[in-house]
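This report walks through the side-chain pairings and strand arrangement of one chain, for a reader who wants to follow each element in the model itself. The sequence and the structure come first.

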Amino acid sequence: QVQLVESGGGLAQAGDSLRLSCTASGRTFSDYVMGWFRQIPGKEREFVAGITGRGGTTYYGDSVKGRFTISRDNAKNTGYLQMNSLKPEDTAIYYCAADGRTYPSRSFQAYRYWGQGTQVTVSS
């Protein structure tokens with residue numbers, strides 16, 4: 001069992017930066033791939049970024065590529081999503097997720113463990 005808690009969301013203006021954190025507890029963090037997803041009401045959860053257990057490989061959704069960076073510090077049991085050049089369309093609830101597979105999936109249905117989500121709102 002893995003428990004995930006996100007933090008770092010909030011209000012930002014277009015062009016600003018925010019960093020989200022995802023702190024894990026319960027199992028060896030490096031055994032799990034981690035993903036960040038986001039969701040707005042009425043839409044399916046969208047893949048934002050994913051990272052392998054040891055952090056050697058990262059993946060990004062097309063809408064955030066070049067602006068967002070996913071990373072992790074396994075010694076701190078924490079993953080991060082650095083969001084730069086924010087846009088109003090980045091407004092959503094952001095979730096971190098973990099799973100015991102080898103490579104992160106772009107499908108939210110592949111992840112077993114989820115955080116509670118953190119709201120990010122970007123104004124123009």
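A residue is called buried here if its relative accessible area is under 20%, exposed if that area is over 50%, and partly exposed in between. The model is a predicted one. With a relative accessible area of 6%, Arg38 falls under the 20% cut-off and is therefore buried.

## Salt bridges

The structure holds five salt bridges, and three of them are set out below.

| Basic residue | Acidic residue | Closest N to O distance |
|---|---|---|
| Arg38 | Glu46 | 2.9 Å |
| Arg67 | Asp90 | 2.8 Å |
| Arg101 | Asp99 | 3.1 Å |

The partners in these pairs can be described by their accessibility. Arg38 is buried, whereas its partner Glu46, with a relative accessible area of 32%, is partly exposed. In the pair of Arg67 and Asp90, whose closest N and O atoms are 2.8 Å apart, the two residues come from distant parts of the chain, 23 residues apart. Arg67 belongs to the loop between strand E6 (58–60) and strand E7 (68–73), while Asp90 belongs to the loop between strand E8 (78–83) and strand E9 (92–99). Arg67 is buried at a relative accessible area of 11%, and Asp90 is buried as well, with a value of 0%. In the pair formed by Arg101 and Asp99, Arg101 is partly exposed at 35% relative accessibility, but Asp99 is buried at 12%.

How are Arg38, Glu46, Arg67 and Asp90 connected? These four residues are linked in a network of salt bridges.

## The four-stranded sheet

Strands of a sheet pair through backbone hydrogen bonds, in either a parallel or an antiparallel manner. In this model, an open sheet of four strands follows the order E1-E3-E8-E7, and its pairing is antiparallel. Strand E1 (3–7) and E7 stand at the edges with a single partner strand each, so one side of each has no neighbour in the sheet. Direction ignored, neighbouring strands of this sheet are turned by 15° against each other on average.

The edge strand E7 can be followed residue by residue. Six bridges join E7 to E8, and the two strands run antiparallel. Thr69 stands opposite Gln82 in E8, and Ser71 stands opposite Tyr80 in E8. One face of E7, made of Phe68, Ile70 and Arg72, is covered, whereas the face with Thr69, Ser71 and Asp73 is uncovered. The hairpin of E7 and E8 has four residues between the strands, and in this hairpin Asn77 takes a positive phi near 55°.

From the covered face of E7, Arg72 takes part in two further relations. The charged end of Arg72 sits over the ring of Phe29, 4.2 Å from its centre. Arg72 is also among the contacts of Thr52 once the neighbours of Thr52 within four places in sequence are left aside, the others being Val33, Thr57, Thr102, Tyr103 and Pro104. Thr52 itself lies in the loop between strand E5 (46–51) and E6, and with a relative accessible area of 10% Thr52 is buried.

## Aromatic pairs and a charge over a ring

The structure holds six aromatic pairs. One of them is the edge-to-face pair of Tyr32 and Tyr113, with 6.0 Å from centre to centre and 75° between the planes. Tyr32 lies in the loop between strand E3 (18–25) and strand E4 (33–39), and Tyr113 lies in strand E10 (residues 113–114), so this pair ties together parts that are 81 residues apart in sequence. Both Tyr32 and Tyr113 are buried.

Tyr111 and Trp114 also form an edge-to-face pair, at 6.1 Å centre to centre and with 65° between the planes. Which of these two residues is buried and which is partly exposed? Tyr111, at 5% relative accessibility, counts as buried, while Trp114, with a relative accessible area of 25%, is partly exposed.

Tyr111 and Trp114 also belong to a cluster in which ring pairs link them with Phe37, Phe47 and Tyr95. Tyr95, in turn, has Arg45 lying over its face, at 3.8 Å from the ring centre.

Methods. Residues numbered from 1 in each chain as written. Predicted model: local features only at pLDDT ≥ 70, side-chain atom pairs only at ≥ 80, totals over all residues. Heavy atoms only, no water. Salt bridge = Lys/Arg side-chain N within 4 Å of Asp/Glu carboxyl O. Buried < 20%, exposed > 50% of the residue type's maximum accessible area, 1.4 Å probe, protein only. Pairing = 2+ DSSP bridges. Axes fitted to C-alpha atoms, helices over the stretch in contact; angles between N-to-C directions. Contact = heavy atoms within 4.5 Å. Phe/Tyr/Trp six-rings, centres within 6.5 Å; stacked < 30°, edge-to-face > 60°. Lys NZ or Arg CZ within 6 Å of the ring centre and 35° of its normal.
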